[in-house]
Amino acid sequence: MTIEINEDGTKTISVEYLARVEGEGNLHIEIKDDKLVHVQFGIFEPPRFFEAFLQGRKFTEAPDITARICGICPVAYQMGSVHAMEKACGIKVEGQLRELRRFLYAGEWIQSHILHAFLLHAPDFLNYESAIHMAKDHPEVVESALQMKKIGNDIMDLIGGRAIHPINVRVGGFYSVPTKAEMRGMIDSIKRGRDGCIKILDLIKTFEFPDFEQKYEFVSLRHPDEYPMNEGRIISSGGIDIAQEEFENYFEEEHVERSTALHCVIKEGRKAYHTSPLSRYALNYDRLPSHIQGMAKDVGLGKVCSNPFRSILVRVLESIYAFEEALRIIDDYEQPDTAFVPVEPRNAKGTAITEAPRGICFHQYEIGEDGLIKKAWLMAPTSQNQKMIEEDLWKFIPEHMHLSDERLQWHCEQAIRNYDPCISCSAHFLNLTVDRS
């Protein structure tokens with residue numbers, strides 16, 4: 001952190017590297033006459049070029065390429081790509097193959113949520129510099145978190161072929177599917193993970209949360225029968241209710257000079273919006289099992305949670321749900337006769353949105369009859385939330401300017417970590433136009 005007092009009396013606080021987030025971001029604050037005059041949350045992760053080098057590749061390569069966008073949430077990108085390609089090709093994967101995709105997604109939610117909640121975010125509430133420092137006084141919490149995260153990784157390994165950048169996902173299904181015995185072999189560990197998550201929720205509910213209720217326009221998927229992961233319509237707390245293919249009619253990306261992540265806004269009013277576990281929870285509370293609704297009530301949550309600092313509670317509840325959803329899928333599982341549905345390319349466009357741990361993840365592709373990708377458009381949850389994060393900081397900082405610079409930095413970083421930003425995912429290659437008049 002660097003602090004400068006300028007000639008006009010403006011104090012500038014710059015946090016060059018944010019801690020306990022995935023990727024590289026910074027924060028720039030200016031205060032003059034005890035008033036906040038400037039906030040800038042920047043993402044300077046190098047451009048990733050994924051949209052550019054997807055062009056010209058076979059449509060069947062998209063799941064393996066997009067999985068490399070993130071080591072924490074590769075399934076979100078794989079599922080977005082396969083759903084989009086299948087829509088473009090006019091096929092739908094159902095039955096046990098669809099259930100296996102949901103099982104794989106549950107594994108990702110578990111490992112990602114547990115990593116964030118207990119190893120990256122909990123130290124903020126317990127006043128530790130990191131999970132390593134926290135482990136000295138709370139070894140059982142860190143050990144339990146690592147065990148739960150491993151269970152999520154094991155699910156991804158079983159279905160995806162490996163936990164990081166899975167290789168078993170293909171357009172139309174999978175390259176191979178597990179046996180019933182292999183699926184049932186995970187029951188005991190998944191039950192231990194669920195029980196451990198419920199137990200550790202008792203610690204999380206004792207945290208002191210800042211009073212920071214906000215008015216958000218929440219955006220998430222909504223499915224008629226399920227708590228959403230892979231499928232659903234796009235809805236918002238402001239009244240949006242559209243098919244996924246209509247996304248670009250209502251939402252728009254815009255470039256900001258300070259960031260390699262594009263901001264995204266609702267076109268009407270150029271409004272920032274919030275997509276995250278808080279959004280899923282607020283817009284799909286009635287899709288949660290009644291006993292998990294009861295757990296939410298026990299930890300002080302209503303049907304809507306508008307305090308981003310309490311998002312850690314929602315992530316733990318979603319983890320419990322993911323453990324139980326995995327158990328349900330295992331209980332109903334019968335090994336399918338084939339691991340995939342044949343898919344033939346055609347000249348078409350496919351759009352798909354799935355629920356990454358951090359919020360909605362957008363994919364759109366144009367492909368030709370030769371199966372080559374003509375155009376790719378990807379949008380990560382963190383880039384969609386970046387504008388909302390800045391708006392939070394504009395409201396949060398004035399209430400904490402009386403703190404020392406070090407404590408102010410701590411609280412501002414925590415406000416950013418509320419969103420579990422996956423910064424590497426959001427870094428975006430900017431289109432370049434050269435006019436050589």
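Helices here are DSSP runs of at least four residues, numbered from the N terminus. With that settled, the passage below walks through a predicted model, starting with its enclosed spaces.

A search of the whole structure turns up 3 cavities of 30 Å³ or more. The second largest cavity comes in at a volume of about 40 Å³. Its walls are made by H274, S276, P277, L278, P308, S311, R315, N418 and Y419. Two elements, helix 10 (277-284) and helix 12 (311-332), each put at least two residues into that lining. Sorted by class, the lining of this cavity has 4 nonpolar, 4 polar and 1 charged residues.

Then there are the open spaces. The second largest pocket has a volume of about 270 Å³. It is lined by 14 residues, and E140, S144, Q147, M148 and G196 are the ones closest to its centre. Helix 6 (139-160) and helix 8 (187-204) are the elements that give two or more residues to the lining. Helix 6 makes the largest contribution, with 8 residues. Charged residues turn up here too: the lining of the second largest pocket counts 5 nonpolar, 4 polar and 5 charged residues.

On to the packed interior. The largest nonpolar core takes in 122 residues, and F103, F118, I190, L301, I373 and L393 have the most contacts inside it. Helix 4 (residues 95-125) supplies the largest share of this core, 16 residues. Another core lies apart from it, with 15 residues that include F251, I353, W377 and M379. Back in the largest core, L301 is one of the residues with the most contacts inside it. Setting aside neighbours within four places in sequence, L301 touches Y281, A296, R310, L313, V314 and L317.

Helix 14 (residues 405-417) rounds off the tour. How far apart should the ends of helix 14 be, at 1.5 Å a residue? The expected span uses one less than the number of residues, so the 13 residues of helix 14 should cover 18 Å, and the end C-alpha atoms are indeed 18 Å apart, in agreement. Is helix 14 mostly covered or mostly open? Mostly covered, with 10 of its 13 residues buried. The buried residues in helix 14 are D405, L408, W410, H411, C412, E413, Q414, A415, I416 and R417.

Methods: Residues are numbered from 1 along each chain as its sequence is written. This is a predicted model: local features need pLDDT of at least 70, side-chain atom pairs count only at pLDDT 80 or more; totals for chains, interfaces and linings use all residues. Side-chain values use heavy atoms; hydrogens and water are left out. On a 1 Å grid over the protein atoms alone, a cavity is a set of points where a 1.4 Å probe fits but cannot get out, and a pocket is an open set with protein on both sides within 12 Å along at least five of seven lines; lining residues have an atom within 4 Å of a point. Grid points are joined across faces, edges and corners, and a volume is the space filled by probe spheres set on the points. Ala, Val, Leu, Ile, Met, Phe, Trp, Tyr, Cys and Pro count as nonpolar, Asp, Glu, Lys and Arg as charged, and the others, Gly among them, as polar. A nonpolar core is a set of buried Ala, Val, Leu, Ile, Met, Phe, Trp, Tyr and Cys residues joined through side-chain atoms within 4.5 Å. Buried means under 20% relative accessible area, exposed over 50%, partly exposed in between (1.4 Å probe, protein chains only). Contact means heavy atoms within 4.5 Å.
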